[in-house]
Amino acid sequence: MINLRNDYCYIAHPKVLENMQKSASDINVGYGLDKHSVRAKELIRKELGTRENDIHFLVGGTITNKVFISHVLKPYEAVISCDTGHINVHETGAITNKILTVPNVNGKITAQGIKEVLSQHTDEHMVKPKMVYISNSTEYGSIYTLKELQEISKVCKENNLIFFIDGARLGTALTSSYNDVEMKDLPTLCDAFYIGGTKNGALLGEALVINNLELSKDFRYSIKHYGGMYSKGFVAGIQFETLFENNLFYEIARKENELGQYLESELKRINIEIYMKAETNQIFILIDETKVDDIQKEISCEVFGKVDNKAIIRFVTHYLLEKEDIDSAISVIKSVNK
């Protein structure tokens, strides 16, 4: 079976596992106060080019979104997201604040879409928009340009909105051949973002970076209150230490993107319809519904929806794949699509 289902199908990158094994006999302080977590934060701050932030390690994306949004928003305040946003479609109501959705444009929210929401919520008889949430890369593998992020940031600052970036796949966004954003741009653009480890070589873990320090007061209380604080915090510390000490974070993501681009080009070569232009490691195709079962007999992948009589299939490349695996997948799809 060729695995193109997701980019967290492995335990962890060999270098991450190697460093965890090296530290297996270490005695560490718990709850993220250990030496590995401290060093990992320093490495991330070096990458960001600033020390003016507050960094916390959490287990996964949903709990990170849950804790941060719950911490900064009052019960009557709402978060603006595009309709395909992860908090809207894939987190089972974990976000208890109201989510105000706008139609996505290639998987993204726009500054104009945010303005339209603001124009519709004008008094205390409706929830108050207070946050803008985006994913980069998005749920459809697209990425935000620097100009788009600047436009969103401008709208947020003008309207006293918190700008939060879900970075579950930040690595693939920053290493995309279409990207013009650097890690060091993020502290000036948004109030908070997180660096995804789970989908980029780690066993588990996300690094939440709070740039707006007014939002970080008592944040550890919220982590504990919402069940996001794990006693063996050093497990995440060791992993992010490894990911950022020799650019491994970018190395993993860059390979995933290169394989994604290769897969897209090979799909086009055999005349498979691409549902959305691939900018990272997520590739979406349209194919006759009757052919899905035959594809899934040999390729592990997900069906994301339907357009007329065609299924939308998502393929996700990961660092354990090689070009030979992509070639094998292409052979399967070509055979099924005769």
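**Exercise 1. In which strand does Ala192 lie?** Find the strand, then describe the surroundings of the residue in this predicted model.

Solution.
Step 1. Ala192 belongs to strand β7, which covers residues 192-196.
Step 2. Buried means under 20% relative accessible area. Ala192 has a relative accessibility of 0% and therefore counts as buried.
Step 3. Leaving aside residues up to four places away in sequence, Ala192 touches Phe68, Phe163, Phe164, Ile165, Val209, Ile210 and Asn211.
Step 4. Ser216 is 24 residues from Ala192 along the chain, and the C-alpha atoms of the two are separated by 9.7 Å.

**Exercise 2. Describe how helices α11 and α13 pack, and state which residues make the contact.**

Solution.
Step 1. Two packed helices are described by the angle between their axes and the distance between the axes.
Step 2. For α11 (residues 248-269) and α13 (residues 323-336), the angle is about 30° and the axes are 10 Å apart.
Step 3. Angles under 35 degrees count as roughly parallel, so α11 and α13 are roughly parallel to each other.
Step 4. The hand of the α11 and α13 crossing is right-handed.
Step 5. On the α11 side the contact is made by Leu259, Tyr262, Leu263, Glu266, Leu267 and Arg269; on the α13 side, by Lys323, Ile326, Asp327, Ile330 and Ile333.
Step 6. Sorted by class, this contact of α11 with α13 holds 7 nonpolar and 4 charged residues, and no polar ones.

**Exercise 3. Is Tyr262 buried or exposed?** Place this residue in its helix and list what it touches.

Solution.
Step 1. Tyr262 is part of helix α11.
Step 2. Its relative accessibility is 18%, so Tyr262 counts as buried.
Step 3. When residues up to four places away in sequence are not counted, Tyr262 touches Lys323, Ile326 and Asp327. These three residues are also among those that α13 brings to its contact with α11.
Step 4. The C-alpha atoms of Tyr262 and Thr317 are separated by 9.9 Å, and the two residues are 55 residues apart along the chain.

**Exercise 4. Work out the packing of α10 with α11 and of α2 with α10.**

Solution.
Step 1. Take α10 and α11: their angle is about 75° and their axes are 5 Å apart.
Step 2. Angles of 65 to 115 degrees count as roughly perpendicular, so α10 and α11 are roughly perpendicular to each other.
Step 3. Thr242, Leu243 and Phe244 of α10 meet Leu248, Phe249, Tyr250 and Ile252 of α11.
Step 4. The classes in the α10 and α11 contact are 6 nonpolar, 1 polar and no charged residues.
Step 5. Turn to α2 and α10, where the angle is about 35° and the axes are 7 Å apart. The crossing of α2 and α10 is left-handed.
Step 6. From α2 the contact takes His36, Ser37, Arg39, Ala40, Leu43, Ile44 and Glu47; from α10 it takes Phe234, Gly237, Ile238, Phe240, Glu241, Phe244 and Glu245.
Step 7. The contact of α2 with α10 divides into 7 nonpolar, 3 polar and 4 charged residues.

**Exercise 5. How many salt bridges does a search of the whole structure find?** Examine three of them, starting with Glu245 and Arg39.

Solution.
Step 1. The search finds 16 salt bridges.
Step 2. In the Glu245 and Arg39 pair, the N to O distance is 3.0 Å. Glu245 lies in α10 (residues 234-245) and Arg39 in α2 (residues 35-48), so this salt bridge ties together parts that are 206 residues apart in sequence.
Step 3. Glu245 is partly exposed at 29% relative accessibility, and Arg39 is partly exposed at 37%.
Step 4. Glu42 forms a salt bridge with Arg51, with the closest N and O atoms 2.7 Å apart. Glu42 is partly exposed at 30%, whereas Arg51 is exposed at 56%.
Step 5. Lys310 and Glu273 meet in a salt bridge of 2.8 Å, N to O. Lys310 is in strand β13 (residues 310-316) and Glu273 in strand β9 (residues 273-276), so the pair ties together parts that are 37 residues apart in sequence.
Step 6. Lys310 is partly exposed at 32%, and Glu273 is partly exposed at 37%.
Step 7. Finally, look for shared partners: salt bridges join Arg39, Glu241 and Glu245 into one network.

Terms used. Residues numbered from 1 in each chain as written. Predicted model: local features only at pLDDT ≥ 70, side-chain atom pairs only at ≥ 80, totals over all residues. Heavy atoms only, no water. Axes fitted to C-alpha atoms, helices over the stretch in contact; angles between N-to-C directions. Helix = DSSP H or I, 4+ residues; strand = E, 2+ residues; numbered from the N terminus. Parallel < 35°, antiparallel > 145°, perpendicular 65-115°, else oblique. Left-handed = near helix turned anticlockwise from the far one by under 90°. Contact = heavy atoms within 4.5 Å. Nonpolar A, V, L, I, M, F, W, Y, C, P; charged D, E, K, R; others polar. Salt bridge = Lys/Arg side-chain N within 4 Å of Asp/Glu carboxyl O. Buried < 20%, exposed > 50% of the residue type's maximum accessible area, 1.4 Å probe, protein only.
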